[in-house]
Amino acid sequence: MAEERLVVLEGVKKYYPVWKRLFSSHATEYVKAVDGIDAVILKGETLGLVGESSCGKSTLARQILKLEEPTDGRIYYRDQNILTLDKEPFRELRRKMQIIFQDPYSSLNPRKTAGRIIEDPLIIHHYGSQPARREKVLSLMEEVGLRPEHLTRYPHEFSGGQRQRISIARALALTPEFVICDEPVSSLDVSIRAQIINLLLDLQERHGLTYLFISHDLSLVKYLTHRVAVMYLGRFVELAPSASLYKKPLHPYTVALLASTPMSDPRLNRKKVFLEGDVPSPIHPPAGCHFHPRCSRTTDLCRKKMPVWNEVETGHWVRCHV
């Protein structure tokens, strides 16, 4: 049986204008937050997205959901280019795509009860009568591990883990197919993270969900995902099945990221990799390969020419001359 492509990205870019003068009508420079992304997300899989802070991960996620308009490129959901859809057709498609934000403290309206927060998507999309919506909300709360008495409480009355459960219930309210998890456990205590991760896995199995999982925690990504995309300065530098990438990383940046991951067994030896300098400015990225100023294997070709996005092994893509 052929693998079904759910989300397809073709040449997606997002450039933010930089205004040097307060009343200037033209931008002189641009922040290249996302700079030409090509990728496919398969139905039922979890695709991990990793990289340093400010490399463009969350910006890309927001574009997939059309929370921000791309500067260029095409985004397909089930072969529909979502960037060309009118308001009403996209409104129907929106039910199938949801997001769980990173910070459960700022992503919930403090003036609304937990029940109303979960019910809001149902109201917006005209789901049934008020009693039917209430029954649906109670069912969702039970599914994510919240009790009926939590229905009338406000966000400040919950712990961080409980707030994230409310966010998950809200994301599931419209029975989506595709959910973006934007670092959903990074702001939680370590003791709570495992509970939320296990909940996400249970929900994926129960509802057949497809995840794009964004995280800094490489060990967590290894545990959760089927494939992993590594992002650097707005571009993918490597994309591979999780087992392949963790066993045999090919791009020097991926090697450095994995070398920085703490190991559970200190007796195991791992070669240390040190990156020189800081991440270059996305306004003035380096010529050629963006990673070459920090790479120990840089050649003249790396300084002059951008490497192509190349499939070096089956399903293993990498952007590197070496």
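Trainee: Which residue follows H4, and what is the sign of its phi?

Mentor: In this predicted model, H4 is followed by Gly145, and the phi of Gly145 is positive, near 90°.

Trainee: What makes the span of helix H4 close to the expected one?

Mentor: Helix H4 covers residues 130-143, which is 14 residues, and from its first C-alpha to its last it reaches 20 Å. The expected span is 1.5 Å times one less than the number of residues, and for H4 that expectation is 20 Å, so the value found is close to it.

Trainee: Why are certain residues of H4 said to lie on the same side?

Mentor: The residues concerned are the buried ones, namely Arg133, Val137, Leu140, Met141 and Glu143, where buried stands for under 20% relative accessible area. They cover an arc of only 160° around the axis, and therefore they are placed on the same side of H4. In general, an α-helix has 3.6 residues a turn, so residues three or four places apart point the same way.

Trainee: Which residues lie on the other side of H4, and what do the buried ones pack against?

Mentor: Pro131, Glu135 and Glu142 are exposed on the other side of H4, whereas the buried residues of H4 pack against helix H3 (114-124), helix H5 (160-172) and helix H6 (190-207).

Trainee: What makes a set of residues the largest nonpolar core here, and which of its members have the most contacts inside it?

Mentor: Such a core joins buried residues of the nonpolar kinds through side-chain atoms within 4.5 Å, and the largest one has 34 residues, with Ile166, Ile168 and Leu200 having the most contacts inside it. At least two residues of this core come from each of H3, H4, H5, strand E7 (178-182), H6, strand E8 (210-214) and helix H7 (218-224). Leaving aside neighbours within four places in sequence, the contacts of Leu200 are Ile100, Ile168, Cys181, Pro184, Tyr211 and Phe213. There is also a second, separate core of 32 residues, which includes Leu47, Leu65, Leu212 and Phe236.

Trainee: How do you know that strands E11 and E12 pair?

Mentor: Pairing requires at least two bridges, and strand E11 (residues 310-313) and strand E12 (residues 316-318) have 3 bridges in the antiparallel sense, so the criterion is met. Glu313 stands opposite His316 in E12, and in the hairpin of these strands, with 2 residues between them, Gly315 takes a positive phi near 80°.

Trainee: Why are E2 and E5 placed at the edges of their sheet?

Mentor: The open sheet has 4 strands in the order E2-E1-E4-E5, with antiparallel pairing. Strand E2 (29-42) and strand E5 (80-81) each have a single partner strand, so one side of each is left without a neighbour in the sheet.

Definitions and conventions
Residues numbered from 1 in each chain as written. Predicted model: local features only at pLDDT ≥ 70, side-chain atom pairs only at ≥ 80, totals over all residues. Heavy atoms only, no water. Buried < 20%, exposed > 50% of the residue type's maximum accessible area, 1.4 Å probe, protein only. Arc of directions from axis to C-beta. Contact = heavy atoms within 4.5 Å.
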